[in-house]
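Me: I have a chain open in front of me and would like to learn how to read its features. Could you take me through them, one at a time?

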Amino acid sequence: SETSIGVAIPIEIAGQRARRIDVAEAEMLAVEAEIENRERQLANDVRIRYAEVLAASRELSTLDNLNTIDTETVRFVGVRIAEGDSAPLDLRLLQTEVSRLQARRTLVEGRLQASMLELKNIAGLPADGEVKLGEDLSLAVWSNAPRSVDEATSIAMATRPDLRLAALEQ
């Protein structure tokens, strides 16, 4: 029988270890910048979907109010026709408008539901969960963050001279 034991020890010559550490730190900063960039993108996507849900909700509310007003107007014009003060054509035109508003309301309601599902999906909420809408989007924080990983890396290189030197040495 034969037994062998081996040991491997890296021997670094001429400051290679320091350069390897600098490169690893630069890569780590780049990955952190990429993660922060993705977090900003995700937060922005949530804000956009939230604004879409708010807009659809407001439009739905407005259409409901218009529908109520038009329904009352149809009733009023029906009374005027019964008294002989209006033509039946006016009633038909108003009924057409009410039907058009109901169709638009159905479309907006579908858009609201789709936007709400997208918001829940992006935010990681369950589809059957409830979302309470607040009207104030001005509380959202908009930062002047780098737009790309390259920009974040160049900022990191500019603020940390030791990383810049390590990159230049390679």
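Reply: Gladly, and let us start with a single residue: at a relative accessibility of 21%, Arg49 counts as partly exposed. Buried means under 20% relative accessible area and exposed over 50%, with partly exposed in between (1.4 Å probe, protein chains only). Before we go on, this is a predicted model, in which local features need pLDDT of at least 70, side-chain atom pairs count only at pLDDT 80 or more, and totals for chains, interfaces and linings use all residues. Residues are numbered from 1 along each chain as its sequence is written, and side-chain values use heavy atoms, with hydrogens and water left out.

Me: Where is Arg49 found, and what is it in contact with, leaving aside its neighbours within four places in sequence?

Reply: Contact means heavy atoms within 4.5 Å. Arg49 belongs to helix H1, and beyond its neighbours within four places in sequence it is in contact with Glu118, Leu119 and Ile122. Its C-alpha is also 7.6 Å from that of Met116, although the two residues are 67 apart in sequence.

Me: How do I read the elements of the protein chain, from the N terminus on?

Reply: Helices (H or I, at least four residues) and strands (E, at least two) are DSSP runs, numbered from the N terminus. Here there are 4 helices and 0 strands, so the order reads α-α-α-α.

Me: How does the span of a helix compare with what is expected at 1.5 Å a residue?

Reply: The expected span is 1.5 Å times one less than the number of residues. H1, with 68 residues, reaches 100 Å from its first C-alpha to its last, close to the expected 100 Å. H2 (residues 88-123) has 36 residues and should span 52 Å, which agrees with the 52 Å between its end C-alpha atoms.

Me: What follows each of these two helices?

Reply: A glycine with positive phi in both cases: Gly84 follows H1, with phi near 90°, and Gly124 follows H2, with phi near 75°. In the loop between H1 and H2 you will find Ser86. Ser86 is buried, because its relative accessible area is 15%. Leaving aside neighbours within four places in sequence, Ser86 touches Arg80 and Ile81.

Me: How should I describe the way H1 and H2 cross?

Reply: Two packed helices are described by the angle between their axes and the distance between the axes. Axes are lines fitted to C-alpha atoms, for helices over the stretch in contact, and angles run from 0 to 180 degrees between N-to-C directions. For H1 and H2, the axes come within 8 Å and cross at roughly 160°. The pair is therefore roughly antiparallel (angles under 35 degrees count as roughly parallel, over 145 as roughly antiparallel, 65 to 115 as roughly perpendicular and the rest as oblique). The crossing is left-handed, meaning that the near helix is turned anticlockwise from the far one by less than a right angle; clockwise would be right-handed.

Me: Which residues of H2 are buried, and what do they pack against?

Reply: The buried residues of H2 include Leu91, Leu94, Val98, Leu101, Leu112, Met116 and Leu119, and the buried residues of this helix pack against H1. Two C-alpha distances add to the picture. Asp64, in H1, is 8.6 Å from Leu101, with their positions 37 residues apart in sequence counted as separation. Arg47, in H1 too, is 8.8 Å from Leu119 at a separation of 72 residues. Asp64 is partly exposed at 28% relative accessible area, and Arg47 is partly exposed at 22%.

Me: How much of the protein chain is buried?

Reply: Of its 170 residues, 17% count as buried. Among contacts between residues at least 6 apart in sequence, 71% join residues at least 24 apart.
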